[in-house]
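These are my notebook entries on a structure that is new to me. I record what I looked up, entry by entry.

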Amino acid sequence: MKLLPLDSPEILELVAHWLGQKENHQWLDFGNGRQIVTPALLRIMAQRPTHFMRAYTSDRDDTPIGICCLNSVDRNFKSATLWGAQGDKLFRHRGLGTLAASKVLSLGFRDLGLHTINTWVVEGNPSIRLIQRLNFRFIGRQRQCHFIDGQAYDRLLFDLLASEHESIEDGRRPRGRRSLQETDRKNLEGDRGPGPEMENRPATLRAPASAEAGAGLETQSG
């Protein structure tokens with residue numbers, strides 16, 4: 001898999017086409033309720049220092065199949081917001097969206113010097129599986145703030161510290177996912193320390209769980 005910059009008219013048109021599809025943009029928010037972006041807007045976003053935008057390719061060749069980005073990159077507070085979308089649905093369920101997000105997270109923490117990266121997912125979006133695999137922590141929800149076809153949904157909020165990131169390499173499948181409730185329970189246990197019922201149990205490793213205003217994650221399922 002390769003991460004490609006959005007630096008040509010062809011790739012800008014392709015990504016704009018993906019983001020123009022309702023099955024993708026209904027889960028996203030590019031600020032002020034904007035759901036559809038044009039190639040011209042993508043070009044402007046890609047040139048800003050507050051954005052790190054990459055298309056990712058398949059594991060077969062250099063054909064772009066999705067996009068994964070960091071928005072609201074703040075070098076002073078060492079923070080950013082992760083979002084992404086899988087454009088070519090033929091590559092669903094292969095772990096490629098998870099792998100691309102892991103690579104972008106690694107670049108954010110290593111090359112951009114970030115300390116924390118956050119994201120959000122509309123409740124009911126299958127992308128929750130990707131977030132759980134990447135070890136993000138569930139930190140709360142914004143209630144009934146995201147509208148799809150006139151219906152209000154909650155946004156589930158997550159964040160990840162540089163010290164919690166576990167890079168996923170090409171060819172290595174991400175570990176199994178947990179439910180949102182299990183993720184939240186494990187996070188609370190980690191914050192509070194083990195309870196009495198945990199003291200005599202063997203130690204275990206935590207399994208990875210995975211635009212200006214933040215874009216969220218569309219349904220990637222991989």
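Entry 1, strand β4. I looked up which way the side chains of β4 point: Ser-79, Thr-81, Trp-83 and Ala-85 face one way, whereas Ala-80, Leu-82, Gly-84 and Gln-86 face the other way. I noted that the residues of both groups are all buried. The model is a predicted one, and I read every entry with that in mind. In general, side chains of a regular strand alternate between the two faces of the sheet. The count for β4 agrees with the listing, since 8 of its 8 residues are buried and the strand is mostly covered.

Entry 2, the partners of β4. I then asked which strands pair with β4. β3 pairs with β4 in the antiparallel sense, over 7 bridges. Within this pairing I looked up two bridge partners: Ile-67 is matched with Ala-85 in β4, and Cys-69 with Trp-83 in β4. The two strands form a hairpin with 4 residues between them. In that turn, I found that Lys-78 has a positive phi of about 55°. β4 and β5 run parallel and are joined by 3 bridges. Here the bridge partner of Thr-81 is Asn-118 in β5.

Entry 3, strand β3. How many of the 11 residues of β3 are buried? I found 9 of the 11, so β3 is largely enclosed by the rest of the structure. I also looked up the pairing of β3 with β2, which is antiparallel and comprises 6 bridges. In it, Arg-54 stands opposite Cys-68 in β3. A hairpin through 6 residues joins β2 to β3.

Entry 4, the sheet as a whole. I wished to place these strands in order. They belong to an open sheet of 7 strands with mixed pairing, and the order is β1-β2-β3-β4-β5-β7-β6. Which strands lie at the edges? They are β1 (3–5) and β6 (137–148), each of which pairs on one side only. On average, neighbouring strands of this sheet are turned by 30° against each other, with direction ignored.

Entry 5, β5 with β7, and helix α4. I looked up the pairing of β5 (residues 116–122) with β7 (residues 151–161), and recorded an antiparallel arrangement over 7 bridges. Ile-117 stands opposite Leu-160 in β7. Helix α4 (residues 96–110) packs on the sheet and touches β1, β2 (52–57), β3 (64–74), β4 (79–86), β5 and β7. The direction of α4 makes about 30° with that of β3.

Entry 6, helices α1 and α3. Two packed helices are described by the angle and the distance between their axes. I therefore looked up both values for α1 (residues 9–19) and α3 (residues 39–47): the axes come within 9 Å and cross at roughly 110°. An angle of 65 to 115 degrees counts as roughly perpendicular, and α1 and α3 are therefore roughly perpendicular to each other. The crossing of α1 past α3 is right-handed. I listed the residues in contact: Leu-12, Glu-13, Val-15, Ala-16 and Leu-19 in α1 meet Pro-39, Leu-42 and Arg-43 in α3. By class, this contact has 6 nonpolar, no polar and 2 charged residues.

Definitions and conventions
Residues numbered from 1 in each chain as written. Predicted model: local features only at pLDDT ≥ 70, side-chain atom pairs only at ≥ 80, totals over all residues. Heavy atoms only, no water. Axes fitted to C-alpha atoms, helices over the stretch in contact; angles between N-to-C directions. Parallel < 35°, antiparallel > 145°, perpendicular 65-115°, else oblique. Left-handed = near helix turned anticlockwise from the far one by under 90°. Contact = heavy atoms within 4.5 Å. Nonpolar A, V, L, I, M, F, W, Y, C, P; charged D, E, K, R; others polar. Pairing = 2+ DSSP bridges. Buried < 20%, exposed > 50% of the residue type's maximum accessible area, 1.4 Å probe, protein only.
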